[in-house]
Amino acid sequence: MTGSFLFFTVFSLIFLFFLNSPGFAQDQPEGFKAWLEDIRAEALEAGIDAGLLEKTFANLEFDPKVVELEGRQPEFTTTYQGYANSRLSDWRINKGREMMVQYRDELGEVGKAYGVQPRFIVAIWGLETNYGTYIGGFNVVRSLASLGYGAPRDNRKALFKKELMSALRILDEGHIAPEDMEGSWAGAMGQGQFMPTSFFAYAQDFDGDGKRDIWTNHKDIFASIAYDLQRHKWQPDYTWGRQVTLPEGFAEIASGFKSANPNAGCRAERSHLSPLTLNEWNELGLRRISGDDLPDVNISARLYRPAGETGPAYLVYDNYVRILRYNCSNFYALVVGRLSDYFRGAL
């Protein structure tokens, strides 16, 4: 105990010495200011309004907190059950049902326009920002500028610089005011949590007011989520998948299967087993969780077991893969699907 305390004390004194030294205290802020001037010049050349840049960059300071968060992102070690239990809470389920009713008209209109069932829009909305109650408290420009300058790896610096330039373009087009552009520490914005480059790919101006308002306008928020799914070829006549039971001795059968997509850009897909039709899975002995036969529908499905051989098993359809395009995480996609099932019949 004493040795640990002594080490901590000595380490703290050394740290404070460097913290208060001119090099440590001044080099980064001064370097950041010079870097910002280069960004300003690049933005002006790209046609961003000079007055906007003056307002946005005025008193903009480096944020070491976001760089720390970027540099120490932990490995994703939680179990599927832990992840699901924390997110499929009674509050999130009940609140989602309330939102389905409260925004019945908007969801119905958007769902029809994009061919996406409203329950999936609400499930993603609920999982991303608790139905808009928490969109993040970080200034997006400050976060992206700090990460573009100070991220630990050069490829990440380049990525965040690109996002920063897109964020400035969003401001220049008048979609939101600089002081209101808040989001996550990494720059994900609005109630659907879009990065600035994704904003230009998917954000929608559904009500035609000239702004793609993913922060406060529910029609735009719902339409942006729906368009992301639609653009990735969402199938409106099908669901996401279902939990199934496996026959005894299935491990031996499964040993002959291969990954559904071993070269997938989204690593989550690589853990799915080869797709078969529902009839083929039925013939192998897979059944609904109720014990009934699988639906007699001519669609393919992949098998995914989030906890390995000892946990639950799911057959996931093409729409599940569309959810992975929104967030490349099997845990995320499964919870979106399961949450959406609680909203069936709410409209």
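# A guided tour, stop by stop

Select helix α8 (residues 118-129) and helix α12 (residues 218-231): they pack at an angle of about 105°, with axes 10 Å apart. Axes here are lines fitted to C-alpha atoms, for helices over the stretch in contact, and angles run from 0 to 180 degrees between N-to-C directions. Helices (H or I, at least four residues) and strands (E, at least two) are DSSP runs, numbered from the N terminus. α8 and α12 are therefore roughly perpendicular to each other. Angles of 65 to 115 degrees count as roughly perpendicular, under 35 as roughly parallel, over 145 as roughly antiparallel, and the rest as oblique.

Now show the side chains. From α8, pick Ile-121, Ile-124 and Trp-125. From α12, pick His-218, Ile-221, Phe-222, Ile-225, Ala-226 and Leu-229. These residues make the contact, where contact means heavy atoms within 4.5 Å. Colour them by class: eight are nonpolar, one is polar and none is charged. In this scheme Ala, Val, Leu, Ile, Met, Phe, Trp, Tyr, Cys and Pro count as nonpolar, Asp, Glu, Lys and Arg as charged, and the others, Gly among them, as polar.

A word on what is on screen. This is a predicted model, with residues numbered from 1 along each chain as its sequence is written. Local features need pLDDT of at least 70, side-chain atom pairs count only at pLDDT 80 or more, totals for chains, interfaces and linings use all residues, and side-chain values use heavy atoms, with hydrogens and water left out.

## The whole chain

Zoom out. The chain has 16 helices and seven strands. Of its 347 residues, 45% are buried. Buried means under 20% relative accessible area, exposed over 50%, and partly exposed in between (1.4 Å probe, protein chains only). Take the contacts with a separation of 6 or more: 69% of them join residues 24 or more positions apart.

## Two loops with a positive phi

Return to α8 and select Tyr-131, in the loop between α8 and β1 (138-139). Tyr-131 is not a glycine, yet its phi is positive, about 60°. Is Tyr-131 buried or exposed? At 5% relative accessibility, Tyr-131 counts as buried.

Next, go to Lys-233, in the loop between α12 and β3 (241-245). Lys-233 also is not a glycine and has a positive phi, about 70°. Lys-233 is exposed, with a relative accessible area of 64%.

## Phe-160 in α10

Select helix α10 (residues 154-172) and find Phe-160 in it. Phe-160 is buried, with a relative accessible area of 2%. What does Phe-160 contact, leaving aside its neighbours within four places in sequence? Show Glu-70, Leu-144, Leu-147, Gly-148, Ala-151 and Ala-186. Then draw a distance from Phe-160 to Ala-145: their C-alpha atoms are 7.4 Å apart, while 15 residues separate them along the chain.

## Arg-97 and the far end of a long separation

Move to helix α6 (residues 90-102) and select Arg-97. Arg-97 counts as partly exposed, at 37% relative accessibility. Add Ala-346. The two are 249 residues apart in sequence, but 6.4 Å apart in space, C-alpha to C-alpha. Beyond its neighbours within four places in sequence, Arg-97 is in contact with Tyr-342 and Phe-343.

## Helices α15 and α16

Select helix α15 (residues 318-326) and helix α16 (residues 330-342). Their axes come within 9 Å and cross at roughly 120°. That makes α15 oblique to α16. The crossing is right-handed: the near helix is turned clockwise from the far one by less than a right angle, whereas anticlockwise would be left-handed.

Which residues of α15 and α16 meet? On α15, show Tyr-320, Ile-323, Leu-324 and Tyr-326; on α16, show Asn-330, Tyr-332, Ala-333, Leu-334 and Val-336. By class, this contact has eight nonpolar residues, one polar and no charged.

## Last stop: the disulfide

How many disulfides does a search of the whole structure find? One. A disulfide is a pair of cysteine sulfur atoms within 2.5 Å. Select Cys-266 and Cys-328, whose sulfur atoms are 1.9 Å apart. The link is right-handed, with 100° about the S-S bond. Cys-266 lies in the loop between α13 (250-254) and β4 (273-277) and Cys-328 in the loop between α15 and α16, so the pair ties together parts that are 62 residues apart in sequence. Switch on the surface: Cys-266 counts as buried at 10% relative accessibility, and Cys-328 as partly exposed at 39%.
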